[in-house]
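Hi,

Here is the structure I promised to pass on. My notes on it follow below, so have a look at it first and then read on.

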Amino acid sequence: MEATPTNLILFLLPSILFISRAPHVTPATPCPPCGNTTVPFPLSTTPTYGDSAYKIRCTTNTLVFDTLNNSYPIESINPKSQRLVIRPAPLVPNTCITTDKIHQGIQLNNTLPFNITSSNTIVYLNCTQALLMSPLNCSSSSLCHTYINATASASVCNNGLLCCTFRTGGSTTSYQIRVRDVGCSAYSSFVNLNPDLPVNRWPQPGLEIQWLLPRETVCTSQKDCDSATSACGLDPSSGSGIKRCFCINDLVWDPIDGVCTKKTTSHDPNGNGRNRSEQVAAHIV
């Protein structure tokens, strides 16, 4: 691996990484806590902390994730798996309509480094007959009926209209969970749901979102980088004159912790030696 990569695009790896830790140097500036919640790199609550491409907000000591036209509280963050869980919109009291129907549900900006994971089970409620033409499970045995019958707030949805269930992960659900008149007017979401459990043992409603591993820290001049470990240089892959603090002196970029670190060799379960930079780089173009 070159000490100063030029065209490196980092993506989230689907498997668990087996690495040995090395001393870290030149950390990206971490965000201060939001209330009692740590804000890990690369998430950013202000332009001067973290990576500004991974913007979230801290409002009254609560972390908030902004979509294209709405905002959702962040319930948890796992920096090692690069995932966070947001709280879905609730039902409008005494209706089978979620409060974000006015925004057509959850709509992520697909130009940002976030997408919906495949770990979510969605129950769609108050659906029209048009959903019968979809690949969703809208049958009488669909898990959505179990949810409605066992959830007091959702009992109003037992109105004779369709309900449906599906698992996220397809291209149509990577960036949106839609609610609208032509479709379904309400939904809920559950992360890593075991459908064999009774509803009272389901996890709290949540929608899991993952982020792509970040590039090196953006800089405007060398003063933004630590001269001992990185150099501010033009990023040829950006096409727009962006500069980044590229690691030097045989150090490699660690996108999980946002540091230049010594290259170390570790072993995966199959006994294959792999260095950390090889593990986090999915593509070199």
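The lining of the largest pocket breaks down into nine nonpolar, seven polar and three charged residues. In that count Ala, Val, Leu, Ile, Met, Phe, Trp, Tyr, Cys and Pro are nonpolar, Asp, Glu, Lys and Arg are charged, and the others, Gly among them, are polar. A pocket here comes from a 1 Å grid over the protein atoms alone: it is an open set of points where a 1.4 Å probe fits, with protein on both sides within 12 Å along at least five of seven lines, and lining residues have an atom within 4 Å of a point. There are 19 lining residues, and Tyr124, Leu131, Leu136, Arg178 and Arg180 lie nearest the centre. The elements giving two or more residues to this lining are β10 and β11 (176–177). The space inside is about 410 Å³, where the volume is what probe spheres set on the points fill, with points joined across faces, edges and corners.

Before you go further: this is a predicted model, so local features need pLDDT of at least 70 and side-chain atom pairs count only at pLDDT 80 or more, while totals for chains, interfaces and linings use all residues. Residues are numbered from 1 along each chain as its sequence is written, and side-chain values use heavy atoms, with hydrogens and water left out.

Next, the sheet. Strands are DSSP runs (E, at least two residues), numbered from the N terminus, and two of them pair if DSSP finds at least two bridges between them. One open sheet has three strands in the order β10-β9-β12, paired antiparallel. Its edges are β10 and β12, each with a single partner strand, so one side of each has no neighbour in the sheet. From one strand to the next the twist averages 20°, using axes fitted as lines to C-alpha atoms and angles that run from 0 to 180 degrees between N-to-C directions. The antiparallel contact of β9 with β12 is made of seven bridges, and Val123 sits opposite Ser188 in β12.

Strand β16 (residues 243–247) has antiparallel partners as well. With strand β15 (residues 230–234) it shares five bridges, and Ala231 stands opposite Phe246 in β16. With strand β14 (residues 218–219) it shares two bridges; there Val218 faces Arg244 in β16. Four of the five residues in β16 are buried, where buried means under 20% relative accessible area, exposed means over 50% and partly exposed is in between (1.4 Å probe, protein chains only).

Now the rings. A pair of aromatic rings is described by the distance of the centres and the angle of the planes. Rings of Phe, Tyr and Trp (its six-membered ring) pair if their centres lie within 6.5 Å; planes under 30 degrees apart are stacked, over 60 edge-to-face, and the rest tilted. By this rule there are seven aromatic pairs. One of them is Tyr124 with Phe166, a tilted pair at 5.4 Å centre to centre and 45° between the planes. Tyr124 belongs to strand β9 (residues 120–127) and Phe166 to strand β10 (residues 162–167), so this pair ties together parts 42 residues apart in sequence. Both rings belong to buried residues: Tyr124 has a relative accessible area of 8%, and Phe166 has 14%.

Phe190 and Trp202 make an edge-to-face pair, because their centres are 5.0 Å apart and their planes at 70°. Phe190 is in strand β12 (residues 184–191) and Trp202 in the loop between β12 and β13 (207–211), so parts 12 residues apart in sequence are tied together. Phe190 is buried at 2%, as is Trp202 at 7%. Elsewhere, ring pairs link Tyr54, Phe65 and Phe114 into a cluster.

Last, some backbone items to check. Most residues other than glycine have a negative phi, and most peptide bonds are trans. Which bond is cis here? The one that joins Phe41 and Pro42, with omega about 10°; Pro42 is in the loop between β2 (24–25) and β3 (57–59). Gln82 has a positive phi near 55° and lies in the loop between β5 (71–78) and β6 (83–86). Gln104 also has a positive phi, about 60°, in the loop between β6 and β7 (106–107). Buried or partly exposed? Gln82 is buried, at 4% relative accessibility, whereas Gln104 is partly exposed, at 36%.

Cheers
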